[in-house]
Amino acid sequence: MAELYIKQAEQYAEGRPCYPPEMFDFIASKTPCHDLAWDVGTGSGQAARSVTGIFKNVIATDTSSKQLSFAPRLPNVRYQHTPPTMSSAELECNVAPQSSIDVVTVGQALHWFDLPNFYEQVKWVLKKPHGVIATWCYTLPQVNESVDALFQPFHYVSVDPHWDAAHKFIFDMYRTIDFPFEPVDGADHTGPFQFVTERLMDLDDYFTYFRSRSAYQIAREKGVEHLTNDVIEKFKNAWTEDGLDKNVVKFPIYLRIGKVGNL
(Lines give C-alpha, C1' and ligand atoms only; values in the text may rest on other atoms or scores of the structure.)
Protein backbone atom coordinates (compact mmCIF):
# COMPACT_ATOMS: atom_id res chain seq x y z
CA MET A 1 0.00 0.00 0.00
CA ALA A 2 2.69 2.49 0.99
CA GLU A 3 4.55 2.00 -2.28
CA LEU A 4 1.44 2.85 -4.33
CA TYR A 5 1.18 6.29 -2.75
CA ILE A 6 4.82 7.35 -2.49
CA LYS A 7 5.00 8.89 -5.97
CA GLN A 8 1.79 10.90 -5.60
CA ALA A 9 2.02 11.72 -1.87
CA GLU A 10 1.84 15.47 -2.49
CA GLN A 11 -1.14 15.08 -4.82
CA TYR A 12 -2.85 12.91 -2.22
CA ALA A 13 -2.34 15.59 0.44
CA GLU A 14 -3.67 18.32 -1.88
CA GLY A 15 -6.42 16.44 -3.68
CA ARG A 16 -8.17 14.29 -1.08
CA PRO A 17 -11.26 15.53 0.75
CA CYS A 18 -11.50 16.13 4.48
CA TYR A 19 -14.32 14.53 6.42
CA PRO A 20 -17.57 16.04 7.79
CA PRO A 21 -17.79 17.12 11.45
CA GLU A 22 -21.13 15.31 11.71
CA MET A 23 -19.39 11.96 11.24
CA PHE A 24 -16.86 12.63 13.99
CA ASP A 25 -19.61 13.88 16.29
CA PHE A 26 -21.39 10.56 15.70
CA ILE A 27 -18.21 8.57 16.42
CA ALA A 28 -17.53 10.63 19.55
CA SER A 29 -21.09 10.07 20.78
CA LYS A 30 -20.46 6.31 20.69
CA THR A 31 -17.11 6.52 22.48
CA PRO A 32 -17.44 6.82 26.29
CA CYS A 33 -13.93 8.20 26.88
CA HIS A 34 -12.09 10.76 24.75
CA ASP A 35 -8.55 10.41 26.06
CA LEU A 36 -6.59 8.57 23.37
CA ALA A 37 -7.26 7.80 19.69
CA TRP A 38 -5.25 5.79 17.18
CA ASP A 39 -5.68 6.92 13.56
CA VAL A 40 -4.34 4.09 11.39
CA GLY A 41 -3.29 4.60 7.78
CA THR A 42 -3.40 8.33 8.47
CA GLY A 43 -1.68 9.20 5.19
CA SER A 44 -1.28 12.97 5.19
CA GLY A 45 -3.56 13.44 8.19
CA GLN A 46 -7.00 13.98 6.65
CA ALA A 47 -8.74 12.21 9.53
CA ALA A 48 -6.23 13.03 12.26
CA ARG A 49 -6.89 16.77 12.00
CA SER A 50 -10.56 16.14 12.84
CA VAL A 51 -9.97 13.50 15.52
CA THR A 52 -7.62 15.88 17.32
CA GLY A 53 -10.48 18.27 18.03
CA ILE A 54 -12.35 15.60 20.00
CA PHE A 55 -9.70 13.44 21.68
CA LYS A 56 -7.06 14.70 24.08
CA ASN A 57 -4.26 12.85 22.31
CA VAL A 58 -3.98 11.17 18.93
CA ILE A 59 -1.44 8.67 17.65
CA ALA A 60 -1.48 8.77 13.84
CA THR A 61 0.43 6.01 12.05
CA ASP A 62 1.23 5.13 8.48
CA THR A 63 3.58 2.78 6.64
CA SER A 64 4.60 5.61 4.27
CA SER A 65 7.02 8.13 5.74
CA LYS A 66 6.60 10.32 2.66
CA GLN A 67 2.85 10.55 3.20
CA LEU A 68 3.44 11.47 6.84
CA SER A 69 5.76 14.30 5.79
CA PHE A 70 2.73 16.13 4.33
CA ALA A 71 0.57 15.76 7.47
CA PRO A 72 -0.26 18.91 9.48
CA ARG A 73 1.74 19.35 12.68
CA LEU A 74 -0.72 19.58 15.58
CA PRO A 75 0.09 19.86 19.29
CA ASN A 76 -1.77 16.77 20.44
CA VAL A 77 -0.93 14.47 17.51
CA ARG A 78 2.06 12.14 17.45
CA TYR A 79 2.85 10.88 13.96
CA GLN A 80 4.58 7.52 13.80
CA HIS A 81 5.99 5.60 10.86
CA THR A 82 5.26 1.90 11.39
CA PRO A 83 5.98 -1.38 9.59
CA PRO A 84 3.04 -3.15 7.91
CA THR A 85 2.93 -5.75 10.69
CA MET A 86 3.91 -5.36 14.34
CA SER A 87 4.46 -7.69 17.26
CA SER A 88 2.78 -6.89 20.58
CA ALA A 89 6.05 -5.38 21.80
CA GLU A 90 6.34 -3.21 18.67
CA LEU A 91 2.68 -2.22 18.96
CA GLU A 92 3.21 -1.11 22.55
CA CYS A 93 6.38 0.80 21.61
CA ASN A 94 5.05 2.45 18.43
CA VAL A 95 1.42 2.96 19.37
CA ALA A 96 0.21 2.36 22.93
CA PRO A 97 0.01 -0.18 25.78
CA GLN A 98 -2.60 -2.90 25.91
CA SER A 99 -6.20 -1.80 26.62
CA SER A 100 -5.35 1.90 26.59
CA ILE A 101 -7.02 3.32 23.48
CA ASP A 102 -10.57 4.67 23.35
CA VAL A 103 -11.09 4.68 19.59
CA VAL A 104 -9.33 3.36 16.49
CA THR A 105 -10.11 5.26 13.29
CA VAL A 106 -9.31 4.19 9.73
CA GLY A 107 -10.20 6.48 6.84
CA GLN A 108 -10.15 5.13 3.26
CA ALA A 109 -7.49 2.53 4.14
CA LEU A 110 -8.97 -0.59 5.77
CA HIS A 111 -9.27 -2.43 2.46
CA TRP A 112 -5.46 -2.40 2.15
CA PHE A 113 -4.83 -4.09 5.50
CA ASP A 114 -4.07 -7.68 6.48
CA LEU A 115 -7.39 -7.78 8.31
CA PRO A 116 -6.93 -10.79 10.64
CA ASN A 117 -3.60 -9.39 11.87
CA PHE A 118 -4.91 -5.83 12.12
CA TYR A 119 -8.02 -6.84 14.04
CA GLU A 120 -5.90 -8.70 16.57
CA GLN A 121 -3.96 -5.47 17.11
CA VAL A 122 -7.19 -3.49 17.47
CA LYS A 123 -8.55 -5.92 20.06
CA TRP A 124 -5.25 -5.74 21.95
CA VAL A 125 -5.05 -1.94 22.21
CA LEU A 126 -8.72 -1.01 22.71
CA LYS A 127 -10.18 -0.57 26.17
CA LYS A 128 -12.61 -3.37 27.06
CA PRO A 129 -15.56 -3.53 26.61
CA HIS A 130 -16.50 -0.11 25.20
CA GLY A 131 -13.48 0.74 23.02
CA VAL A 132 -14.64 1.64 19.50
CA ILE A 133 -13.33 1.06 16.00
CA ALA A 134 -14.63 3.36 13.26
CA THR A 135 -13.64 2.89 9.64
CA TRP A 136 -15.01 4.46 6.49
CA CYS A 137 -14.58 4.80 2.77
CA TYR A 138 -15.80 7.32 0.24
CA THR A 139 -16.90 6.56 -3.28
CA LEU A 140 -17.11 8.46 -6.57
CA PRO A 141 -17.18 12.27 -6.49
CA GLN A 142 -20.40 13.90 -7.60
CA VAL A 143 -20.19 17.26 -9.41
CA ASN A 144 -23.05 17.80 -11.87
CA GLU A 145 -24.86 15.72 -14.47
CA SER A 146 -22.42 16.50 -17.29
CA VAL A 147 -19.20 15.88 -15.33
CA ASP A 148 -20.60 12.77 -13.66
CA ALA A 149 -21.79 11.43 -17.01
CA LEU A 150 -18.18 11.66 -18.23
CA PHE A 151 -16.58 10.39 -15.05
CA GLN A 152 -18.63 7.27 -14.38
CA PRO A 153 -18.11 5.36 -17.66
CA PHE A 154 -14.52 6.60 -17.72
CA HIS A 155 -14.06 5.21 -14.20
CA TYR A 156 -15.76 1.87 -14.81
CA VAL A 157 -14.36 1.18 -18.29
CA SER A 158 -11.02 2.95 -18.81
CA VAL A 159 -9.76 2.94 -15.23
CA ASP A 160 -11.30 -0.29 -13.93
CA PRO A 161 -8.58 -2.68 -15.20
CA HIS A 162 -5.98 -0.81 -13.13
CA TRP A 163 -7.68 -1.01 -9.75
CA ASP A 164 -6.21 -3.29 -7.14
CA ALA A 165 -8.59 -6.10 -6.13
CA ALA A 166 -8.92 -4.55 -2.65
CA HIS A 167 -10.97 -1.71 -4.13
CA LYS A 168 -13.94 -4.06 -4.56
CA PHE A 169 -14.73 -3.28 -0.91
CA ILE A 170 -14.98 0.45 -1.68
CA PHE A 171 -17.16 -0.18 -4.71
CA ASP A 172 -19.40 -2.18 -2.35
CA MET A 173 -19.40 0.69 0.20
CA TYR A 174 -17.67 -1.50 2.83
CA ARG A 175 -20.82 -3.61 3.19
CA THR A 176 -18.97 -6.90 2.61
CA ILE A 177 -15.65 -6.17 4.29
CA ASP A 178 -14.98 -8.36 7.33
CA PHE A 179 -15.84 -6.42 10.50
CA PRO A 180 -15.98 -8.70 13.59
CA PHE A 181 -17.20 -6.20 16.19
CA GLU A 182 -20.35 -5.58 18.20
CA PRO A 183 -22.80 -2.77 17.41
CA VAL A 184 -22.16 0.36 19.45
CA ASP A 185 -24.68 1.46 22.05
CA GLY A 186 -27.91 2.66 20.46
CA ALA A 187 -27.35 0.76 17.20
CA ASP A 188 -28.48 -2.69 16.09
CA HIS A 189 -25.89 -3.09 13.34
CA THR A 190 -22.37 -1.94 12.50
CA GLY A 191 -23.26 -0.06 9.33
CA PRO A 192 -22.52 1.22 6.86
CA PHE A 193 -23.89 4.54 8.10
CA GLN A 194 -23.92 7.16 5.35
CA PHE A 195 -22.51 10.67 5.46
CA VAL A 196 -21.33 13.11 2.81
CA THR A 197 -18.41 15.49 2.60
CA GLU A 198 -18.25 18.49 0.27
CA ARG A 199 -15.34 20.41 -1.18
CA LEU A 200 -15.27 23.46 -3.43
CA MET A 201 -12.99 22.54 -6.33
CA ASP A 202 -11.83 23.95 -9.61
CA LEU A 203 -10.96 21.60 -12.45
CA ASP A 204 -7.28 21.50 -11.51
CA ASP A 205 -8.28 20.38 -7.99
CA TYR A 206 -10.48 17.70 -9.52
CA PHE A 207 -7.63 16.42 -11.68
CA THR A 208 -5.29 16.50 -8.67
CA TYR A 209 -7.75 14.23 -6.86
CA PHE A 210 -7.90 11.97 -9.92
CA ARG A 211 -4.10 11.73 -10.14
CA SER A 212 -3.87 10.86 -6.44
CA ARG A 213 -5.75 7.59 -6.96
CA SER A 214 -3.80 4.34 -6.95
CA ALA A 215 -5.27 3.17 -10.27
CA TYR A 216 -3.89 6.25 -11.99
CA GLN A 217 -0.39 5.54 -10.68
CA ILE A 218 -0.59 1.85 -11.60
CA ALA A 219 -1.71 2.73 -15.13
CA ARG A 220 1.10 5.27 -15.62
CA GLU A 221 3.65 2.71 -14.54
CA LYS A 222 2.27 0.51 -17.34
CA GLY A 223 2.55 3.35 -19.86
CA VAL A 224 -1.15 4.25 -19.86
CA GLU A 225 -2.19 7.90 -19.41
CA HIS A 226 -5.84 8.24 -18.47
CA LEU A 227 -5.94 12.03 -18.63
CA THR A 228 -5.18 12.51 -22.32
CA ASN A 229 -5.64 15.90 -23.97
CA ASP A 230 -8.92 14.70 -25.45
CA VAL A 231 -10.26 13.59 -22.07
CA ILE A 232 -9.14 16.82 -20.40
CA GLU A 233 -10.92 18.90 -23.06
CA LYS A 234 -14.18 16.98 -22.54
CA PHE A 235 -13.99 17.56 -18.79
CA LYS A 236 -13.26 21.27 -19.34
CA ASN A 237 -16.42 21.68 -21.39
CA ALA A 238 -18.56 19.81 -18.89
CA TRP A 239 -17.03 21.54 -15.85
CA THR A 240 -17.77 25.09 -17.01
CA GLU A 241 -21.14 24.52 -18.67
CA ASP A 242 -22.84 26.56 -15.91
CA GLY A 243 -20.33 29.37 -16.31
CA LEU A 244 -18.62 28.51 -13.01
CA ASP A 245 -14.90 27.93 -12.51
CA LYS A 246 -15.51 26.13 -9.20
CA ASN A 247 -18.06 23.50 -8.30
CA VAL A 248 -19.14 21.89 -5.03
CA VAL A 249 -17.96 18.30 -5.23
CA LYS A 250 -19.71 15.76 -3.01
CA PHE A 251 -18.11 12.54 -1.80
CA PRO A 252 -20.53 9.96 -0.30
CA ILE A 253 -19.00 8.36 2.84
CA TYR A 254 -19.84 4.94 4.29
CA LEU A 255 -18.97 4.30 7.94
CA ARG A 256 -18.62 0.98 9.75
CA ILE A 257 -18.47 1.34 13.53
CA GLY A 258 -18.40 -1.19 16.35
CA LYS A 259 -17.15 -1.79 19.87
CA VAL A 260 -14.65 -4.40 20.98
CA GLY A 261 -16.78 -5.90 23.73
CA ASN A 262 -15.06 -8.44 25.98
CA LEU A 263 -13.18 -10.20 23.17
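Colleague: How many bridges join E4 to E5, and do the two strands run parallel or antiparallel?

Modeller: This is a predicted model. In it, strands E4 and E5 run parallel. One facing pair is Gly 107 and Trp 136, the latter in E5. The number of bridges joining E4 to E5 is five.

Colleague: Which hand does the β-α-β crossover from E4 to E5 have?

Modeller: The chain leaves E4, passes through H7 and arrives at E5. Looking with the strands pointing away, a clockwise path over the helix counts as right-handed. This crossover is right-handed.

Colleague: Which residue in E4 is the bridge partner of Val 40?

Modeller: E4 also pairs with E1. Those two strands run parallel, joined by four bridges. Within E4, the partner of Val 40 is Val 106.

Colleague: Why is E4 largely enclosed by the rest of the structure?

Modeller: Side chains in a regular strand alternate between the two faces of the sheet. In E4, Val 103, Thr 105 and Gly 107 point one way, and Val 104 and Val 106 point the other way. Residues on both sides are buried. E4 is largely enclosed because the buried count is five of five residues.

Colleague: How many of the eleven residues of H7 are buried?

Modeller: Helix H7 spans residues 115-125 and is mostly covered. Its buried residues include Leu 115, Phe 118, Trp 124 and Val 125. Gln 121 and Lys 123 are buried too. The count is eight.

Colleague: Which strands and helix do the buried residues of H7 pack against?

Modeller: Tyr 119 and Val 122 are among the buried residues of H7. The buried residues of this helix pack against one helix and several strands. The partners are E1 (36-40), H6 (88-94), E4 (103-107) and E5 (132-138).

Colleague: Is Asn 76 buried or exposed, and what is its relative accessible area?

Modeller: Asn 76 lies in the loop between helix H5 (65-68) and strand E3 (77-81). Leaving out residues up to four places away in sequence, Asn 76 touches Thr 52, Phe 55, Lys 56, Asn 57 and Val 58. Buried means under 20% relative accessible area. Asn 76 is therefore buried, at 17%.

Colleague: What share of the contacts with a separation of 6 or more joins residues 24 or more positions apart?

Modeller: The protein chain holds twelve helices and seven strands. Of its 263 residues, 55% are buried. Among contacts with a separation of 6 or more, the share from residues 24 or more positions apart is 76%.

Definitions and conventions: Residues are numbered from 1 along each chain as its sequence is written. This is a predicted model: local features need pLDDT of at least 70, side-chain atom pairs count only at pLDDT 80 or more; totals for chains, interfaces and linings use all residues. Side-chain values use heavy atoms; hydrogens and water are left out. Buried means under 20% relative accessible area, exposed over 50%, partly exposed in between (1.4 Å probe, protein chains only). Contact means heavy atoms within 4.5 Å. Two strands pair if DSSP finds at least two bridges between them.
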